[in-house]
Each structure stands twice: as structure tokens, then as C-alpha cells.
Amino acid sequence: MEGRLANSWRLTLNDKNFIKTALLSEIRIDGRKPFEYLLIIMVIYREDGSSEVQLGQTRVMGMVTAQLVQPYRDRPKEGILSIFTEFSPMADPSFEPGRPGELAVELGRIVDRGLRESRAVDTESLCILAGKFVWAIRIDLHILDNGGNLVDAANIAALAALLTFRRPECSLGGEDGQEVIVHPPEIREPLPLTVHHLPIAISFGFFSNESILVIDPTHNEEAVMGGRMTTTVNANGDICAIQKSGGEGVPRRVIMQCLQLATSKAASITKQIKDAVEVFNTERALRKIKRHPTSTGDDVREKQN
Amino acid sequence: MENKQSSSPASFVDSTVVPGDVVLDLSSMTNQTIKLGGGLRQDCDAISAMKAGTLRFSKPNKYWIESSQKRYVPCVEDTILGIVVDSKADNFLIDIKGPAMGFLPVLAFEGGTRRNIPKFEVGTLLYLRVVKANFGMNPELSCTDASGKAAEFGPLKDGYMFETSTGLSRKLLSSPACPVLEALGKKLSFEIAVGLNGRVWVNAASPDTIVVVANAIMKSECLSEAQQIIMVDHLLKNIQ
């Protein structure tokens, strides 16, 4: 029992009161304004399909890997996109090892819905041989440190990883043209995924009934706030998904206000992701000549085990 | 004493030590009483280090190892900030950011008797002193000083508590005063309580001031003295 108590994360009454009273005068504990987003630091590793995002204290690592599998029976011409989350107790002692918690499931679902429902990733281009072979894209999201607003950070990490991912090129061969040949990366340049647009998740926190609204809540604010809403929008202003959790009711006027704020934030975040990916691409092109022979191939196999 | 230090292994003072280093040899310093702080242990005549850090010495006889970590290892006579987690018949359970819950006996208050047991809600912030910190048992805390007086210990009202590393909290308590606090104190008036377990509580008249002080302290960890003063000036300019 005591172990459980020691691991559960808690906030003092002083902090709870202070966060609420300070918000009444539009002050947040990290010196931000209520509608100010934290600075995003994005690191894209040398490897294809990996990224690390820092949003204040929060750190999330994204990893994209691919595997050739048989497609689902009802969708023989579509590739598969799946998202897995890893909440390690190293990030936050309140995460229990093993069984994924409620938050882990919700986070995975929000990111998944944003990407899938808006058809951001073109799954049809992942088909190699209808009914037999398609690429299954797997996105792994590792939470490295929890400083609040995991959903937004995880979503950005997933997008950055997807944009930098390259899958090996395939072609059909053999006598009957039914044999799949996977070309190693040194022989044919691996292909990037087709990503139509970037659905950006932006979270809002609601506090009691004073209609206080904050964007990008921190860990402490998450413990105090009554309700949260995550809107997934892209830079064109299309709404891809909305997730509302927590008890606090939100009037329609406030939802519209949130969506407007989210759209403007989404544009700047999209630009930031694209810039980071651009830098990665130029670096990648520069070192292409000297690439290690098995850099991509090995990695894919390792991740599948 | 000073002479002995230069000849004996006590010249380890102010240098970096790693676990296993024998930092003091008691056989060469008889007739002395020394007090050991965090990170040191005694094996017969040898005092050895248990963690990596800098060995510190404070006159007349205190030795401890200073390092910076997120988790606090309780040590006798440290003053800390704890959060009430649960109350039992004999003890309050206190979260002290350590490996085990701290026990605060319900009678460990000034003039505490069975009749006037204080009531603390879960989540109350307390300023406490560590009384016992032995291996394999929960550290025991107290809300009084060694002579049984309340002396500033007890619940902290209002304000804002934030977490830092243990190294930073020790730096804040050092004398002469830490440059951040000195620079802030010239312009603002605020109340501060620093726990050696890496918790800092700040209170002031307006939330603005609390936010500035809290942020200045959190940012100061990796800055030099001059940088700290520049940073504080910059922050103060922003709010005026």
C-alpha cells in the first residue's frame, strides 16, 4: 500500500489554490499567458523515421518502422497504420509498468484518430500486391519525461517520425509476377511515405465554471483542471478530430474559440515540423554517399522482434 | 584540527569523491567528535563515501557529500518540505521525495499531547526536520527543533511550492546568500522556505511576484553568478 502511495504523484493544496487564483488574473506558473504555447524543441535523429520532441519538461520519442504483411481481408488494397504507446515508469512514477493505463490508451487513440480519420497517410500507396502483401507501418511513441500535455507532444513526435521515415522500394518479379523483391537501400533509394497533410493536436484545459481556458496545460495544471479538450486540426483549418474528456461542460462559443486558436497554432507548428524535416533531408542527402550498407534494413528487422 | 586535515585523508575536503573512497581515518583523529551528513558511512575506523559528489566540511566538525539529484536521501537534521499523504492514529504519512514515506508522529509538535493532535488535510505542505534516518525503516520527522520549540516548523499557508534538484536547494541555503536570491530580494519582497529535499516554497503579496521568483530560481541552476544577476534583471524588466 505504501509503495503505491509513494509512487502516486501529488500536488499540494497550496499549489492547487495558487494555480487557480493566478489564472484568474491570467498568470500561469511558468510565466506564460493562457493562450501561449510552450517552445517546441524537435530533434530528429540520424536514423530514418525517428524523432524526439521536447515540449517544456515533456519529452516524447517517436519511432516508425515498417513490415511486409498480409492485408486485412476486407481491405485488400490498403496498407496498415498502427500506433503503440510506451509509458515507462522512468518518465513518471505513476505510470505502472506492464499493462497500459487509461492515459496510454487515450493518447494512442487520439493520435491514431487524428492520422487515420483524416486520411493523412496515404495507405493505398502502401499496397504492393493486393490481398497478399502490404506495408504495415508501426509508430512507437515512447514517453521519456512527463511534464504535461503528452498528447500534443506525442502527436508532433509521430508526425515528425512519419515524415522522415523511408521504406525500402519493392517491385514484383518472378515467373508469374507474384514474387516481391525488396530492394536494399544501397541499390534503390528508399521511398518516403505519402503524407497529405499534418493533423496537429492542440490541447486545452478548462478550469471550474469561471470559464478560464488555457492552451497546452502543464503537469500541475492538468492535476487541477476540470476538463480537457484536444482538437486535431491541420494548417488548412480542417478539423480532423476532437476529443473531450473530464467532467467540465464547455459551451459552444468556447469550442469555437478553441478551434480558432488551434488553427492558428497548427499553422505555426506545421511550419516548425516542416523546417525540422527539411534540415534532416538536406543532411541526409549530404551523407547519402557514405551511408552504412545495412542502416535501414537491420533496423526494420530489429523492431519486429 | 587544521593541521591534521592537511596530513590525513581529510584533504579530500572540497574535492570530488566516488562511492567507496575512504575519506577520513578515525584512528588518526582520536578525541574528536565528528558529525556525518548525507552520503557518508562509518565502517569501524574508516569513514567512506556512499555516493559521488563533493566532500564538504563545515566548522567545527560536520562532514557531508554534496551532489545534485532529483530524489532525496533522508539525512538526520536536514530541514525539508513534506506533503501530507495520509494520517494514521500515531503518525502522519509524509511524502518527502525520498525512497520511503516519512513518518511524522502526531505528538511531534510544540507542546503536543494526545488531546491537541493537529488536523492536516491531505496535500498540506509542512516545513519539517528529519529526526531519524536509518536504513530499512521510514525516516522520522518532527515539527519542532531539537529543544522542542516550534521555531518556524509547521504548515505553510498559501504561496506556491515547486521542485528543484537537491543541489540547487542547497545552493539557495548557502551563505553568503545565493546571487539569485540577493538580486531578487533587492527589488521584490517575498517569503521563501527551502527544503533540502529539493522543494522550494515561495509566497508574496501578488501572484506576479511569486511567478517571477519561482522562475528565476528554477532557471538559475546552471548559470554562473553574473549570469544569474543578468537573468533576474531581465525578468524584472518584463514585469514592470
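Student: What makes β5(A) and β6(A) a hairpin, and which residue in the turn has a positive phi?

Tutor: In this predicted model, β5(A) and β6(A) form a hairpin with three residues between them, and A:G131 in the turn has a positive phi of about 80°. The pairing itself rests on bridges: two strands pair if DSSP finds at least two between them. Strand β5 (residues 127-129) of chain A and β6(A) have two bridges, in the antiparallel sense. So by that cut-off of at least two, they count as paired. One bridge puts A:L129 opposite A:F133 in β6(A).

Student: How do you know which other strands of chain A pair with β6(A), and in what sense do they run?

Tutor: Count bridges again. Strand β3 (residues 58-69) of chain A is joined to β6 (residues 133-145) of chain A by 11 bridges, and the two run antiparallel. A:M63, for instance, has A:D140 in β6(A) as its bridge partner. Strand β4 (residues 80-87) of chain A has eight bridges to β6(A), and that pair runs parallel. There, A:I83 sits opposite A:I139 in β6(A).

Student: Why is A:N149 called buried or exposed?

Tutor: The cut-off for buried is 20 or more other C-beta atoms within 10 Å. A:N149 has 27 of them, so it is buried. You'll find A:N149 in the loop between β6 and α4 (150-164) of chain A.

Student: And what makes the phi of A:N149 worth a look?

Tutor: Most residues other than glycine have a negative phi. A:N149 isn't glycine, and its phi is positive, near 55°.

Student: Where does A:R119 sit, and what burial class does it get?

Tutor: A:R119 is in the loop between α3 (102-117) and β5 of chain A. Its phi is positive too, near 50°, and again the residue isn't glycine. For burial, exposed needs 12 or fewer neighbours and buried needs 20 or more. A:R119 has 13 C-beta neighbours inside 10 Å, so it lands in partly exposed.

Student: Zooming out, how do you know how compact chain A is?

Tutor: Chain A has seven helices and 14 strands. Its radius of gyration is 21 Å, close to the 19 Å from the globule rule for 305 residues, so chain A is as compact as a globular protein of that length. The C-alpha trace spans about 75 × 45 × 40 Å along its principal axes, and 38% of the 305 residues count as buried. Among contacts in chain A between residues at least 6 apart in sequence, 71% join residues at least 24 apart.

Student: Over to chain B. What makes β1 and β3 of chain B edge strands?

Tutor: The open sheet there has four strands in the order β1-β6-β7-β3 (chain B), with mixed pairing. β1 (16-17) and β3 (35-36) of chain B each have a single partner strand, so one side of each lacks a neighbour in the sheet. For β3(B), two bridges lead to β7 (residues 62-66) of chain B, running parallel; B:K35 stands opposite B:K62 in β7(B).

Student: What makes up the side of chain B that touches chain A?

Tutor: The contact takes 22 residues from chain B and 18 from chain A. On chain B's side, β8 (79-87), β9 (91-95), β14 (160-163) and α4 (207-219) each give two or more residues. α4(B) supplies the largest share, six residues. By class, that side has 13 nonpolar, four polar and five charged residues.

Notes. Residues are numbered from 1 along each chain as its sequence is written. Chains are lettered from A and ligands numbered from 1 in the order in which they are written. This is a predicted model: local features need pLDDT of at least 70, side-chain atom pairs count only at pLDDT 80 or more; totals for chains, interfaces and linings use all residues. The radius of gyration is taken over C-alpha atoms; the globule rule is 2.2 Å times the number of residues to the power 0.38. Two residues are in contact if their C-beta atoms, placed from the backbone, lie within 7 Å. Ala, Val, Leu, Ile, Met, Phe, Trp, Tyr, Cys and Pro count as nonpolar, Asp, Glu, Lys and Arg as charged, and the others, Gly among them, as polar.
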